[in-house]
Structure formats: C-alpha cells, structure tokens
Amino acid sequence: MIVSSIAASKLHARVNSQGPAQPPARWRESAPAAKSSETQKPKSDREEALAKEPIVTRLRAWGREALDEMPSWLVSLVVHLAVLLGLALISRSVNQSDRIELLFGQSDDSAAGELTEFSIAPVASMETFETSLMDDRVKIAERDSVEVLEGGIDMFSLVPKLDASLFAPTASTPSSIKPENMFEGRRGAMKQRLLRMHGGNQGTEDAVTAGLAWLKRQQLRNGSWSLHGPYANGARGENQTSATAMAMLAFMGAGSTHRGGPYQKELLRAARWLVAKQDRQGFLAGSEMGHERMYSQAQATIALCELYAMTGDSWIRPYAQSACDFAVASQSPQGGWRYQPRMDSDTSVTGWFVMGLKSGDSGGLEVDPYIWPKIEDYFDSVSQGYSGGYSYMPNVPPSPAMTAEGVLCHQYLGRERNMPGMAPSLTTLVTDHLINTNEADVYYWYYATQALHHYGGPLWKQWNAEMKATLPARQEKRGRERGSWSPSGDAWGRYAGRLYTTCLSIYCLEVYYRHLPLYDHTELE
C-alpha cells in the first residue's frame, strides 16, 4: 500500500511537470488555448527500457527508488507500525475461542424432570425505595428539668413523668408487612386515597396548604430559614441549620422536591445552601452552638437522605452519603447518640439519627449494618419491657414523649406489631395523654401521631379524631402570620419559636400520606 502511494505521488508529479491542467470540457469553448511553454523532454534509455517491462517490474523499481529517497526515520516508523500490526493480529487469534458444537437428542432417562419457568423482575426505579423516615422535631431532649444554656437553649427535657403502673398489659395483634416504598403515597391518586383511608379530610389539607404558604414567605434570600424571624415570636437562640432542615421536610412531606412540585424552587435554593455547609467529615452543623449541633446534624441528615430517596438525584447523593458516614462514625459505645460524637446516648438525639440512617439505607445509600444491633440494645435499655414506656436515659422514669419516640424507633427498627410493651405503651398515651390544648406539646404530639398511625386500629382512630380537630383550630387564620401556629402555650414554644411549632404541626397533618404504614392494617379492618 505504501509503495503504491509513492508511485502515485511520482505519477502526479510527472503530470504537474507537463504544464497546467486543461479546463473542464464545459468551459473549453470560452477558455483561451493554452500555449506550450516547454517542449517535451526526451526519455532516457533506462526509462525506455523500463517502459517495456511488465507493470509489476515497474512498480518494484519505483518502490526501490522510493525507499532510497525516504529518510531513515520514516523507514523506521513504517517498520515499527508493521511489527505492532502483526502483534495485534497474533494476540487476537490467540484469544479466539474454539468452536462450540451443541448436540441435541432425545434423552435416555425415563425420569426426566418437569420444565420450570422463571423470569427476572425489572429493576425498581430510583423513586421506589422502602423508606423509613422520621420527620421533625426541634432541639428537645426530654429530661426531668429544662436546662437553659447561656446564650441559647439546651436540648430540652421532659414533660410530665408517667407512672410505670399506668402501662397495663393489653392484648396484642398479629404483626404485619412493611411496604416497599415509604414515599409513594405523597403524590397523585395514591395521596388522595391514603388521605381518605386513614382519616384525613379537606380541612387537614387546607391547613397544610396554608402552613406551607407561610413557610414559603419566611425563606431568606440565601435559601435558608431562621428560628428568629422575620416572623413574630421567634426562638431564643438562632439555628439556621435546624430551621432549614425542618422547613424542607415540611415541603417534601406534601410531595415537593427540588426537581418537581409546587415548592421546587424553594427546595432547590435550600438544598444548595445546606450542602454548602458540609465539611469533609460530613458535618453540616459547624456554625451552630453547643448541644444543638448534633440535633441539627441529625435533622439535616434526614432532609438530605429523604431528598435523595425521593429523586435519586446524583448531585445530592455524595452529600447524603457523607452525612450517613458521619452518623455511623459518631455512634457511642452505648449504641446511640448525644451531644458529642462517640460519648454517650439519650433517646431524644438517638431518635433523630436513627431516622436519618434509616432514610439513607432505604434510599440506597451505604450504611454499615453493624450499627443496628447496637441501636436496638440501646432502646431495650430505656424500655420498661412488658409494662410499656420508654425513658430519656437508662434508669430514668418513662415519659409520654420519650415513650412515643421509643415506640416509633422500635417500629422502624423492624419490631413486630405485637412486640412486648408496644400495645400498653400506646394505650396509655391515648388513654391518659390524649391531645389537649391546655397542655399543648407539638413535639410529643408529632411522635405519638407517627407511632399510632403506623400501629393503626381503634387507638389511631381515637387519637386522630382529636388531632385533626385540634391542630387546624389552633392555626392562625388572618394577619401577617396566617397559616402558622403560635408558640404561645406550647411546652417548648417559647424556646424554639413559631417556625418550630408550625413545622411540627404540619408534619402531624401530613401523617396520612407522608409515610405508608409500617404494618398491614387490613387485618385490623
């Protein structure tokens, strides 16, 4: 091929040496005749002898002349290319497999087995993840007393203590089935069906819509929210990480994400602000104060993991994964979490991290499985067992709020509906600590609403009847703060402020479709 190209080049050079090319036939009539400026050069004896030889001989002669004229580097290049081409052909021939012959014939075995049909199920979409996600409460750790830090609040403590004798054993019901996708009820026809099925109505939906509209008006220019304002009755201390995570969870609970829904723009701005705060260890709450930092970290973890589980957005994944990695690395020897990584545990902080990790695990993120048995050991240590009730820390009396949170976490950790202590715990909450406007505590209400919704049955119906009447009635109906819930009279409202009470109230009213029930309620019906 190379020799032929060189020969063609020589022929082209000869043609050029014979003078200018003739114009195309269609232009010859108007083109002036070309005058020959040179006479044809006579051929040499060698050329005349070569012309009489066959074409193969002439090509070989031209090839030898071309090789003589070629520089040494070009000869070397040609030789090396030929060697590489040869090696490639040898390698391909070596890797070729031998011929395979399939022989078909009738089997001599008289006891041939039956044919079995099988199929491969299609891969689920990114939005079909089993998700267990606890929504929100704010900086509250319930203990025997409220500890107020200088310049801010401690993660508060406990409401009235429960007498352990109140948890009388009751008959339990057979357990049930977990749904495959905890988020699929948040939009469309499924949302409307779940709303009716579990006791919601137009009044609860109108309250949610008004609450989300109020939250939208409070978003700051940088995409975050504040616990201070710009609304009335803000918190004593600032915590933008918690405020932003809580607002995001309210919008997502109604079905919006940063990729779709009525509050798409608000969530996109909030997500950008939140991920920009994350450091290399996955920590998101570096700007917050004292005991609030781990609460804020857990809340932000839930927000990012839920956003990723709902959308499968590859942009969110590394931030959500890094937050999960931080949670795993900061687990304490007791199995839970508290104010400092790897130090000690309490039920309040642990509940937030459990739901963050469960959200990430359900969304397909990597969560080390060794953490779950340790978490179960911790909740067993604060449980009162068969008599029911959960406490803030081991060897502390149980309380309504910690009981609701403990039951909810055990539900998400996979405990059966008829596990010892679940029925008496929830029965006591409904019987002795039903929603009461004179003892408002949206933190406790939210946890109890979630746990009872998953449990179902008559206890849920009794609780829901009070909840869906009380919360819309307490919502602001006019003025600048319309759509929000006043913190006045709430157990922790004067510490956490209006945005806190508004977000937790919205979560309660979204409960019908926010997560599918963890247990099969058809048995109960």
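**Figure 1. Cysteines of the predicted model.** Cys508 has a relative accessible area of 1% and is therefore buried. The model shown here and in the other views is predicted. Cys503 is also buried, with a relative accessibility of 0%. A disulfide is a covalent bond between the sulfur atoms of two cysteines. Searching the whole structure for such bonds gives zero disulfides.

**Figure 2. Overview of the protein chain.** The chain of 525 residues has 49% of them buried. Its secondary structure consists of 19 helices and zero strands. Of the contacts between residues at least 6 apart in sequence, 72% join residues at least 24 apart. The accessible surface comes to about 26,700 Å². Carbon and sulfur atoms account for 54% of that surface.

**Figure 3. Leu509 in helix α18.** Leu509 belongs to helix α18, which covers residues 498–509. Is Leu509 buried or exposed? Its relative accessibility is 0%, so Leu509 counts as buried. Leaving out residues up to four places away in sequence, Leu509 touches Thr204, Ala207, Val208, Met467, Leu471, Pro472 and Trp485. A further pair to locate in this view is Leu509 and Thr449, whose C-alpha atoms are 9.1 Å apart in space, although the two are 60 residues apart in sequence.

**Figure 4. Helix α15 and the residue that follows.** Helix α15 is made of residues 442–455. With 14 residues at 1.5 Å each, the helix should span 20 Å, and this agrees with the 20 Å between its end C-alpha atoms. Why is α15 described as largely enclosed by the rest of the structure? The reason is that 14 of its 14 residues are buried. Just after the helix comes Gly456, which has a positive phi of about 75°.

**Figure 5. Helix α10 and its cover.** Helix α10 has 13 residues, and the distance from its first C-alpha to its last is 18 Å, close to the 18 Å expected at 1.5 Å a residue. The residues of this helix that are buried are Ala320, Gln321, Ser322, Ala323, Cys324, Phe326, Ala327 and Val328. An α-helix has 3.6 residues a turn, so residues three or four places apart point the same way. The cover over the buried residues of α10 includes three other helices: α9 (292–311), α11 (347–362) and α12 (371–382).

**Figure 6. Close-up of Phe326.** Phe326 sits in helix α10, residues 317–329. Its relative accessible area is 12%; because the cut-off for buried is under 20%, Phe326 counts as buried. Which residues does Phe326 contact, apart from neighbours within four places in sequence? They are Gln281, Gly282, Phe283, Met294, Gln297 and Pro341. One of these contacts, Gln297, is 29 residues from Phe326 in sequence, with 9.3 Å between the two C-alpha atoms.

**Figure 7. Salt bridges around Arg338.** The structure has nine salt bridges. In one of them, the side chains of Arg338 and Asp344 meet at 3.3 Å, N to O. Arg338 also forms a salt bridge with Asp346, where the closest N and O atoms are 2.9 Å apart. Arg338 is buried at 9% relative accessibility, and Asp346 is buried at 0%. Asp344 is partly exposed, its relative accessible area being 25%.

**Figure 8. The pair Asp380 and Arg415.** Asp380 and Arg415 form a salt bridge in which the closest N and O atoms are 3.0 Å apart. This pair links distant parts of the chain: Asp380 is in helix α12, while Arg415 is in the loop between α13 (400–412) and α14 (422–432), and the two are 35 residues apart. Both partners are partly exposed, Asp380 with a relative accessible area of 36% and Arg415 at 22% relative accessibility. For the salt bridges of Figure 7, shared partners join Arg338, Asp344 and Asp346 into one network.

**Figure 9. A nonpolar patch on the surface.** The patch covers about 870 Å². It is made by Trp73, Val75, Leu77, Val79, Leu81, Val83, Leu84, Leu87 and Ile90. Leu81, one of these residues, is placed in helix α4, which runs over residues 72–95.

How values were computed. Residues numbered from 1 in each chain as written. Predicted model: local features only at pLDDT ≥ 70, side-chain atom pairs only at ≥ 80, totals over all residues. Heavy atoms only, no water. Helix = DSSP H or I, 4+ residues; strand = E, 2+ residues; numbered from the N terminus. Expected span 1.5 Å × (residues − 1). Buried < 20%, exposed > 50% of the residue type's maximum accessible area, 1.4 Å probe, protein only. Disulfide = S-S within 2.5 Å. Patch = residues over 30% accessible without salt bridge, like charges linked within 9 Å, V, L, I, M, F, W, Y side chains within 5 Å. Areas by Shrake-Rupley, 256 points an atom, 1.4 Å probe, with all protein chains shown as cover. Salt bridge = Lys/Arg side-chain N within 4 Å of Asp/Glu carboxyl O. Contact = heavy atoms within 4.5 Å.
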